[in-house]
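The exercises below ask the reader to work through one protein chain with the coordinates open. Each task is followed by a solution that goes step by step.

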Amino acid sequence: RLYAGSIGSSSVDGMSVSCCTRDANAGGGVPVVCHCPPDPRLGAGFDHRNVTLDSVLDHPQELARQISLVDHDLLRDITAEDCLRKVKSSTSHRPDPSQASVDNFAHRFNQLCNWVTSSVLTARSPEQRAVLVSQMIQVARYCFHYRNFNATMAIVVVALGGTPVRRLKKTWEALDKESMDTYHKLEGIFQSKNNFKIYRERLSASE
């Protein structure tokens, strides 16, 4: 699922943001900014008809933006009331349509974790797995840059930090120092020590 704006564009913080404007003769000529997402930055050589894991991971920043756009769509559907209902009904195993927004976001988190994990595990050699891990770390770094802490945690803590990937000793040994440093830096932000103190501080500072 690649988001692509279609009508006009402007730049906000270095990101191309598409927008629509209402005709001057309609609605009093008031410009209306739509919710068109940013145009994808994949380069002229990217073949949209033949998308592969390798071709997508060659553009970690764009992949992080696309992940963040999908996450944002799901997150903005969640209200405070949805969260309260979810907490109150946490002991019930009956499906509740009113909690669909929270459930969809949780499913998205698990989906991202499973994708990262399976992508790494299906590589044929430690060297190939090391390349994939390095690319996933870059995606997580850009997700963090876009303040998508949810996706960053999914990639770094749950997927790459999970037992299936963590136990791949030869893969981690083949990882370059820069990727390892980035991984440890991101991992440290989400450590559970002192009730996620560092993460809460970063979250508060980003508001």
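Helices (DSSP runs of H or I, at least four residues) and strands (runs of E, at least two) are numbered from the N terminus. Under this convention, Ile 189 has its place in helix α9. The model is a predicted one, in which local features need pLDDT of at least 70 and side-chain atom pairs count only at pLDDT 80 or more, while totals for chains, interfaces and linings use all residues. Residues are numbered from 1 along each chain as its sequence is written, and side-chain values use heavy atoms, with hydrogens and water left out.

**Exercise 1. Establish the overall layout of the chain and where its confidence is lowest and highest.**

Step 1. The chain holds 10 helices and two strands, and from the N terminus on the order is β-β-α-α-α-α-α-α-α-α-α-α.

Step 2. Of the 207 residues in the chain, 37% are buried, where buried means under 20% relative accessible area, exposed over 50%, and partly exposed in between (1.4 Å probe, protein chains only). Taking contact to mean heavy atoms within 4.5 Å, residues 24 or more positions apart account for 61% of the contacts with a separation of 6 or more.

Step 3. The pLDDT, which is the predictor's confidence in each residue from 0 to 100, averages 81 over the chain, and 77% of the residues score at least 70. Confidence is lowest in strand β1 (residues 10–12), with a mean of 35, and highest in α7, at 97. Over residues 1–27 the pLDDT is below 50, although this stretch has 65 contacts in the model beyond near neighbours in sequence. Where pLDDT is low, the predicted coordinates should not be read in detail.

**Exercise 2. Describe the surroundings of Asn 148, and trace its polar contacts.**

Step 1. Asn 148 lies in the loop between α5 (126–145) and α6 (149–159), and with a relative accessible area of 9% this residue is buried.

Step 2. A polar contact is a pair of N or O atoms within 3.5 Å; within protein, one must be able to donate a hydrogen and the other to accept it, and residues adjacent in sequence count only if both atoms are side-chain atoms. The side chain of Asn 148 reaches the backbone nitrogen of Ala 151 at 3.1 Å, and the side chain of Ser 68 makes a polar contact with the side chain of Asn 148, at 3.1 Å.

Step 3. Ser 68 belongs to helix α2 and counts as buried at 14% relative accessibility. Leaving aside neighbours within four places in sequence, Asn 148 is in contact with Ile 67, Ser 68, Asp 71 and Cys 143.

Step 4. Ala 151, in helix α6, is buried with a relative accessible area of 0%. Not counting residues up to four places away in sequence, Ala 151 touches Ile 67, Asp 71, Leu 112 and Cys 143. Ala 151 and Ala 64 are 87 residues apart in sequence, yet their C-alpha atoms are 8.6 Å apart in space.

**Exercise 3. Which elements do the buried residues of α6 pack against?**

Step 1. The buried residues in α6 are Phe 149, Ala 151, Thr 152, Ala 154, Ile 155, Val 156 and Ala 159.

Step 2. These buried residues pack against α2 (60–75), α4 (100–121), α5, α7 (163–166), α9 and α10 (193–206).

**Exercise 4. Characterise the aromatic pairs and the environment of Ile 189.**

Step 1. Rings of Phe, Tyr and Trp (its six-membered ring) pair if their centres lie within 6.5 Å, with planes under 30 degrees apart counting as stacked, over 60 as edge-to-face and the rest as tilted. A search of the whole structure finds four aromatic pairs. Among them, Trp 172 and Tyr 183 have ring centres 5.0 Å apart and planes at 50°, so this pair is tilted. The pair links distant parts of the chain, with Trp 172 in helix α8 (residues 169–173) and Tyr 183 in helix α9 (residues 177–189), 11 residues apart.

Step 2. Trp 172 counts as buried at 12% relative accessibility, and Tyr 183 counts as buried at 0%. The rings of Phe 190 and Tyr 199 have their centres 5.0 Å apart and their planes at 45°, so that pair is tilted; both residues are buried.

Step 3. Phe 144, Phe 149, Phe 190 and Tyr 199 form one aromatic cluster. Ile 189, buried with a relative accessible area of 4%, touches Phe 144, Ile 198, Tyr 199 and Arg 202, not counting residues up to four places away in sequence.
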